[in-house]
Number of protein chains: 2
Amino acid sequence: MFREKQYLQLPGPTPVPPRVLRALSEPMINHRGGEFRELLEEVTSGVQWAFQTQNEVIIFPAAGTGGMEAAVVNFISPGDKVLAVSIGVFGNRFAEIAGRFGAQVERLDFEWGQAADPATVAQRLAEDKKGEIKAVLVTHNETSTGVTNDLPAIKKAMGSHPALLMVDAVSSLGAMDLKTDEWGLDVVVTGAQKAFMLPPGLTFLSVNAKAWAVAQKNTNPKFYWDLGSARKYLEKGQTPYTPALPLLTGLRESLKLMRGEGLENAFARHRLMRDMTREAMRALGLKLLSDDAVASAAVTSVFAPERVEANKLRKAAREKYNVVLAGGQQKLDNVIFRVGHLGWVQPLDIVATIAAIEMALMDCGVEIALGAGVTRAQTLIRNAK
Amino acid sequence: MFREKQYLQLPGPTPVPPRVLRALSEPMINHRGGEFRELLEEVTSGVQWAFQTQNEVIIFPAAGTGGMEAAVVNFISPGDKVLAVSIGVFGNRFAEIAGRFGAQVERLDFEWGQAADPATVAQRLAEDKKGEIKAVLVTHNETSTGVTNDLPAIKKAMGSHPALLMVDAVSSLGAMDLKTDEWGLDVVVTGAQKAFMLPPGLTFLSVNAKAWAVAQKNTNPKFYWDLGSARKYLEKGQTPYTPALPLLTGLRESLKLMRGEGLENAFARHRLMRDMTREAMRALGLKLLSDDAVASAAVTSVFAPERVEANKLRKAAREKYNVVLAGGQQKLDNVIFRVGHLGWVQPLDIVATIAAIEMALMDCGVEIALGAGVTRAQTLIRNAK
């Protein structure tokens, strides 16, 4: 009977606040009318605030992956050379999408669990004397591993190279600091179901002047993802096709919550939950996939103990304690489990999650000091006050 | 921003499941039509199931206190002598209502924190050779202290005395076993916002044949609380006046959840959460108001440590950790705090609550072994599997 009360500790979708859920239920309105114009202007301005940008931002009714595809088809033409920096599943996805649309994709892969090395990026771009590389694709927070790339360092590594810096910030934006303008990020993509605390179904892109100029010359066929068209419609307070009305009224409400907390406070909350999770797991003798220096504030990847299947542990947590943890993806499946601490989640929820992981470990026959993780997490909460 | 995510650990209102909240939002229907008749019949039958009774049950749009008043004005006539057994605030309230309507109230008070002694009840009724006492009023679960009276023992103590046994089961029914028919309870009252997991606004009464016979001769003026009238309307699938439609559609949904869990499982869950709370508080060196033998499965009263104001502790739990605890009432105000573990609450929520109490204690300068309560509670959860 408590399925609806589960602790949903995924790196998205995150729990949705009741007031946002209620805001999904407003009556339909005319999406070619004045009421919609006000709504679109309000949420667009709110998304700009969250992106820390003066750039235009465009909202598509789509998954985050749709935002990545929109970035590819607007800013990369068939035949363009792109440098795809990948540290995991979502870095690979960005590269794969670019390849599907005819880009010459050069991969720069780093070991899963590590961040991209800006020096390697700098070296590769320095070699590209003719400026053949048109775009650098990079993941801000790699959801599959729980590693955050250092965007300002990567931007710096690009030096004066003319390539666009295109950022997949789907699981970071709003949870971790991302200064679109100050850091000089040309294109930034995020999604609704992470720090924005919405159900899935919206993706947001910010585009700066340099990127708009590139888009104008883009040769990809496109209709749904046509950012230029969306920009023109936005000027008159509309969208090129029917918008996802409930998600936009939900977004209006979640932006109020986000503004109420403030970005700095939200970042600090996510960092606290990251530290609680990491220190608790260590106190229980578990190993973490990533180093502290590059650890994500949205999701933590933890190795299951030896001789314990990660998915069996997750099953115990879910079925016995109603805590939903994410599994590992691809080669990390059944090797790690991932604790999402993102979105509408508060520190005490992470205390409960850690308590459930402790119990699940014991259920799987792992000897631990029951309470050791919880106590460490409690101490961090108190120190954070 | 997390006010809506608070751990609402009150002995009512309890958290309401989202599907029940959604069921509050159905379109209005004609309360004199067939659709309403089906609704009323379905929820009435469900409430009978929860009451473990074949008696008629009547649903009023009112607080639990309204149900108590309905019991008084239907079954006690002005001038009637009643024996009001009280072990706390709500026992006193039942007595006070009877007094307001002209009953000669004889009080049988027991110390707060203790249960009623059936032997004392037996002795008093044995003295009443003429059968002047028309009703015995008793609280099943005294919410103000967290003590449960032994109803079968009190019924047995009444022996062959003809008085009605009228039970305030507002905070117990659905959380603790109450066998209306098997235990021979003449009138039982409960409310929506406790184990029924609804928002406040409904009260339920079960009435057996003996009580209906008494009601027929009752001389109190009444309209709103007229059970006879409600019974007649119920036969045609209606209510004497406008029913609280949203709460009835909500009740239909919460009864589905209750049936899905099953009464025995619900009782076991509440007992587990009681034991977790009690053992955790003891592990932290705190004193409990009630003995184990009479401890409520719905709410636990805990003495604040010496030199700590209970309300200051509650404030810390609420403001720093988003956990809402109940205070003491009347003479227990600022002396105890009460942990509600009732309704839509699961064991892991109580782990989080205990963690917050631990941290709040430290914030108030109390030296405790951080995690000692949590670990004890975790152990009980695991043992319960």
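To compare the two copies, they are superposed by least squares on the C-alpha atoms of residues with pLDDT of at least 70 in both. What you have open is a predicted model, so please read every value below as computed from it.

**Stop 1: the whole pair**

Start with chains A and B together. Two copies of a chain are related by a rotation about an axis and a shift along it. Here, a rotation of 180° with 0.0 Å of shift along its axis lays chain A on chain B, with an RMSD of 0.0 Å. The two copies are thus related as by a two-fold rotation axis. To find where that axis runs, select Ala352(A): of the residues of chain A, its C-alpha comes closest to the rotation axis, at 2.6 Å.

**Stop 2: where the chains meet**

Now color the contact between the chains. Chain A gives 33 residues to the contact, and chain B gives 33 residues. On the chain A side, at least two residues each come from α1 (18-23), α9 (245-261), α11 (310-321), α12 (347-363) and α13 (372-384). Which helix supplies the largest share of the side of chain A that touches chain B? That is α12(A), with 8 residues. By class, the side of chain A that touches chain B holds 18 nonpolar, 7 polar and 8 charged residues. Of the interface residues of chain A, 100% are also interface residues in chain B, so the copies meet through the same surface.

**Stop 3: α12 and α13 of chain A**

Hide chain B for a moment and keep α12(A) and α13(A) in view. Two packed helices are described by the angle between their axes and the distance between the axes. For α12(A) and α13(A), the angle is about 165° and the axes are 8 Å apart. Angles over 145 degrees count as roughly antiparallel, and α12(A) and α13(A) are therefore roughly antiparallel to each other. The crossing of α12(A) past α13(A) is right-handed.

Show the side chains next:

- From α12(A), select Pro347(A), Ile350(A), Val351(A), Ile354(A), Ala355(A), Ile357(A) and Glu358(A).
- From α13(A), select the residues they meet: Gly373(A), Val374(A), Ala377(A), Gln378(A) and Ile381(A).

The contact of α12(A) with α13(A) is made up of 9 nonpolar, 2 polar and 1 charged residues.

**Stop 4: α10 and α12 of chain A**

Keep α12(A) on screen and add α10(A), residues 263-283. The axes of α10(A) and α12(A) come within 10 Å and cross at roughly 20°. That makes α10(A) roughly parallel to α12(A), and the crossing of the two is right-handed.

In this contact, Leu272(A), Met273(A), Met276(A), Thr277(A) and Ala280(A) of α10(A) meet Pro347(A), Ile350(A) and Ile354(A) of α12(A). The classes here are 7 nonpolar, 1 polar and no charged residues. You have already selected Pro347(A), Ile350(A) and Ile354(A), since they are among the α12(A) residues that meet α13(A).

**Stop 5: backbone details**

Most residues other than glycine have a negative phi, and most peptide bonds are trans. The next selections depart from that pattern.

Where is Pro13(A)? Look in the loop between β1 (7-9) and α1 of chain A. The peptide bond joining Gly12(A) and Pro13(A) is cis, with omega about -5°. In chain B, the bond from Gly12(B) to Pro13(B) is also cis, with omega near -10°. Pro13(B) sits in the loop between β1 (7-9) and α1 (18-23) of chain B.

Next, go to Asn322(A), in the loop between α11 and β12 (323-327) of chain A. Asn322(A) is not a glycine, yet its phi is positive, about 65°. Is Asn322(A) buried or exposed? With 20 other C-beta atoms within 10 Å, Asn322(A) is buried.

Then move to chain B and Arg307(B), in the loop between β11 (299-303) and α11 (310-321). Arg307(B) has a positive phi of about 65°. Arg307(B) counts as exposed, with 8 C-beta neighbours inside 10 Å.

**Stop 6: Ala304 of chain B**

Stay in the loop between β11 and α11 of chain B and select Ala304(B). Ala304(B) is buried, with 22 other C-beta atoms within 10 Å. Leaving out residues up to four places away in sequence, Ala304(B) touches Glu309(B), Ala310(B), Leu313(B), Val335(B), Ile336(B) and Phe337(B).

Methods: Residues numbered from 1 in each chain as written. Chains lettered and ligands numbered in written order. Predicted model: local features only at pLDDT ≥ 70, side-chain atom pairs only at ≥ 80, totals over all residues. Contact = placed C-beta atoms within 7 Å. Helix = DSSP H or I, 4+ residues; strand = E, 2+ residues; numbered from the N terminus. Nonpolar A, V, L, I, M, F, W, Y, C, P; charged D, E, K, R; others polar. Buried ≥ 20, exposed ≤ 12 C-beta atoms within 10 Å, placed from the backbone. Axes fitted to C-alpha atoms, helices over the stretch in contact; angles between N-to-C directions. Parallel < 35°, antiparallel > 145°, perpendicular 65-115°, else oblique. Left-handed = near helix turned anticlockwise from the far one by under 90°.
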